[in-house]
There are 2 protein chains.
Amino acid sequence: MKELPLDEVYRLIEPGPVVLLSTRSGQGRSNVMTMSWHTMVAVAPPTIACVVSSGDLSFFALRQTKECVIAIPDVGLAEKVVKVGNCSGRDTDKFAKAWLTPLPAERVSAPLVAECFSNLECRVVDTRLVNKYNLFVLEVLKAWIDPGRPKPKTIHHVGNGNFVIDGEVIHFESRMP
Amino acid sequence: MKELPLDEVYRLIEPGPVVLLSTRSGQGRSNVMTMSWHTMVAVAPPTIACVVSSGDLSFFALRQTKECVIAIPDVGLAEKVVKVGNCSGRDTDKFAKAWLTPLPAERVSAPLVAECFSNLECRVVDTRLVNKYNLFVLEVLKAWIDPGRPKPKTIHHVGNGNFVIDGEVIHFESRMP
C-alpha cells in the first residue's frame, strides 16, 4: 500500500462504490460491515458523510471510539463483501469468516483491510445528525492505495443483492474537479 | 412518467449515479445543476443527504424555497449533463442551453426534467449541517419513473470529466434490502 494524496480521495468515494467499514471497539474487538450510504462532503480536508444503522454493531464502536477505516473492494471481492453483509459481528468474527486480513492502521485503532485496493483512515468530526439519522461526518486522516492495481472495477449496490460492475469510461472536457 | 413507490427510491440513489438537481427560486427562476455528492439516509420515508456548494446559484434557491427535484439521467444524456456542469445559472438559462425540458412537478415548485428516466420531488427537512458543510437533508415526497426504460445505464463521476458507465450486473443471495 502506498500513501494516496488526501486531495485525490474524492475520486474514489464520489462514484458511489460499495465499501467496507472497519471498526475496533473500546474492548479491542475488530469488526467490518458493508456500506453503500456515503457521500463526499468536502475535498480538502477530505470529508465524508456516512449512515450506519443503529441496528448494526459497528454503530456502537463508531460512536464510542469515533474512529473507522473505509476500505474499498474491487469486484474480485464481491462474494466476500456479500458474506460480510449477510452476518453480524454480534455472533461472528467477520474478518475470519470472510477470509479478510486486518492490518494495523497508522492514525486510528480500526484495522485496514489488506485485500482492498484502497483504505481510508477516518475520524468522526460531527455527530449532530447521529441521533436522528445515524449520519456521521468523517474526516479522512490518511489514505492508502495499492499501486499494483491502477484501475480496479468497483461495484454498486442496486438493491436485493444485485450489483452493477463498473463498465466503460467516457471523458468530456469538464470544469468540474 | 409513472409514479414510483417511495420505498423503491433507494435503489436509484444508493448506487451513486450523477444526478441533476433542479430548483426554482422565489423569484420564479428555474435552474439545474449536476450533483454527485448525495447518499440515501433512510428508505422510508425516502430521505437523502446532498451537498450543494454555497458557490452554486442552486444553493440559494434550495435554502430559500426548501424544495428541489433530483432528476436521474441515463448515459445518453451525458453530454448534456456535462454542459449543465460547465456553466452557471447566474448568466445562463441552463435548461435552454442544454436542451432540457422543464415539466411542472406535483408537490414542489422546482421543475421535473423531462429527459431524465426518474424524477424525485424533494423537500428540505434538516438544515443543521448547511452552514458548516453545505449538507441538506431531503425527504422525497413523490417519485416518478419512465416505464419505457426499465434498465437505464447511469454514469458515475470519477474526477476531471471522466465518467464510468454502468456495466454488467451480478447477483448474490443477500439479506440486504
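This talk covers the interface between two chains, the salt bridges, and three local regions of one structure.

Good morning, colleagues. Please keep in mind throughout that this is a predicted model.

I begin with the interface. In this model, 54 residues of chain A are in contact with 54 residues of chain B. The area buried between chain A and chain B is about 5,100 Å², and carbon and sulfur atoms give 60% of that area. Strand 12 of chain A, residues 162-171, contributes 10 residues to the side of chain A that touches chain B, the largest share. When that side of chain A is sorted by class, there are 27 nonpolar, 17 polar and 10 charged residues.

With charged residues present on that side, how many salt bridges does the rule find across the interface of chain A and chain B? The count is 0. Polar contacts are another matter: 25 residue pairs are in polar contact across the interface of chain A and chain B, with both residues at pLDDT 80 or more.

Strand 12 also appears in the pairing between the chains. Strand 12 of chain A and strand 12 of chain B, again residues 162-171, pair in the antiparallel sense over 7 bridges. To give one position, A:F163 stands opposite B:I170 in strand 12 of chain B.

A:H156 belongs in this part of the talk as well. A:H156 is located in strand 11 of chain A. Is A:H156 buried or exposed? A:H156 is buried, at a relative accessible area of 1%. A polar atom of the A:H156 side chain lies 3.3 Å from the backbone oxygen of A:P15. Beyond its neighbours within four places in sequence, A:H156 has contacts in both chains, including A:P15, A:F163, A:D166, B:P15 and B:H156.

I turn now to the salt bridges. Side chains of opposite charge can pair when their charged atoms come close. Over all chains, a search of the whole structure finds 10 salt bridges, whereas the interface of chain A and chain B has 0. I shall discuss three examples from chain A.

In the first example, A:E3 forms a salt bridge with A:K142, and the closest N and O atoms are 3.5 Å apart. What does this pair tie together? A:E3 lies in strand 1, residues 2-3, and A:K142 in strand 10, residues 135-145, so the salt bridge ties together parts of chain A that are 139 residues apart in sequence. The two partners fall into separate accessibility classes: A:E3 is partly exposed, at 46% relative accessible area, while A:K142 counts as buried, at 12%.

A second salt bridge involves A:K142 again, this time with the side chain of A:E106, at 3.1 Å from N to O. A:E106 lies in the loop between strand 7 (102-103) and strand 8 (112-113) of chain A, so this pair with A:K142 in strand 10 ties together parts 36 residues apart in sequence. A:E106 counts as exposed, with a relative accessibility of 51%; the cut-off for exposed is over 50%. Through shared partners, salt bridges join A:E3, A:E106 and A:K142 into one network.

The third example is the salt bridge of A:D74 with A:R149, whose closest N and O atoms are 3.3 Å apart. A:D74 is in the loop between strand 6 (67-72) and helix 3 (78-85), and A:R149 is in the loop between strand 10 and strand 11 (155-157), so the pair ties together parts of chain A 75 residues apart in sequence. Here A:D74 is buried, at 14% relative accessible area, and A:R149 is partly exposed, at 26%.

Next, strand 6 of chain A. Why is strand 6 described as largely enclosed by the rest of the structure? The description applies because 5 of its 6 residues are buried. Strand 6 pairs in the antiparallel sense with strand 2, residues 19-24, over 3 bridges. In that region, A:I70 of strand 6 is the bridge partner of A:L21. Strand 6 is also joined to strand 9, residues 118-126, by 6 bridges, and these two strands run antiparallel. A:C68 stands opposite A:C122 in strand 9 of chain A.

I close with helix 2 of chain B, residues 57-65. Its buried residues are B:S58, B:F59, B:A61 and B:L62. The elements of chain B that cover them include strand 2, strand 6, strand 9 and helix 5. Just after helix 2 of chain B, B:K66 takes a positive phi of about 60°.

Thank you for your attention.

Methods: Residues are numbered from 1 along each chain as its sequence is written. Chains are lettered from A and ligands numbered from 1 in the order in which they are written. This is a predicted model: local features need pLDDT of at least 70, side-chain atom pairs count only at pLDDT 80 or more; totals for chains, interfaces and linings use all residues. Side-chain values use heavy atoms; hydrogens and water are left out. Contact means heavy atoms within 4.5 Å. Buried area is the accessible area (1.4 Å probe) that two parts lose on being put together, summed over both. A salt bridge is a side-chain nitrogen of Lys or Arg within 4 Å of a carboxyl oxygen of Asp or Glu. A polar contact is a pair of N or O atoms within 3.5 Å; within protein, one must be able to donate a hydrogen and the other to accept it, and residues adjacent in sequence count only if both atoms are side-chain atoms. Helices (H or I, at least four residues) and strands (E, at least two) are DSSP runs, numbered from the N terminus. Ala, Val, Leu, Ile, Met, Phe, Trp, Tyr, Cys and Pro count as nonpolar, Asp, Glu, Lys and Arg as charged, and the others, Gly among them, as polar. Two strands pair if DSSP finds at least two bridges between them. Buried means under 20% relative accessible area, exposed over 50%, partly exposed in between (1.4 Å probe, protein chains only).
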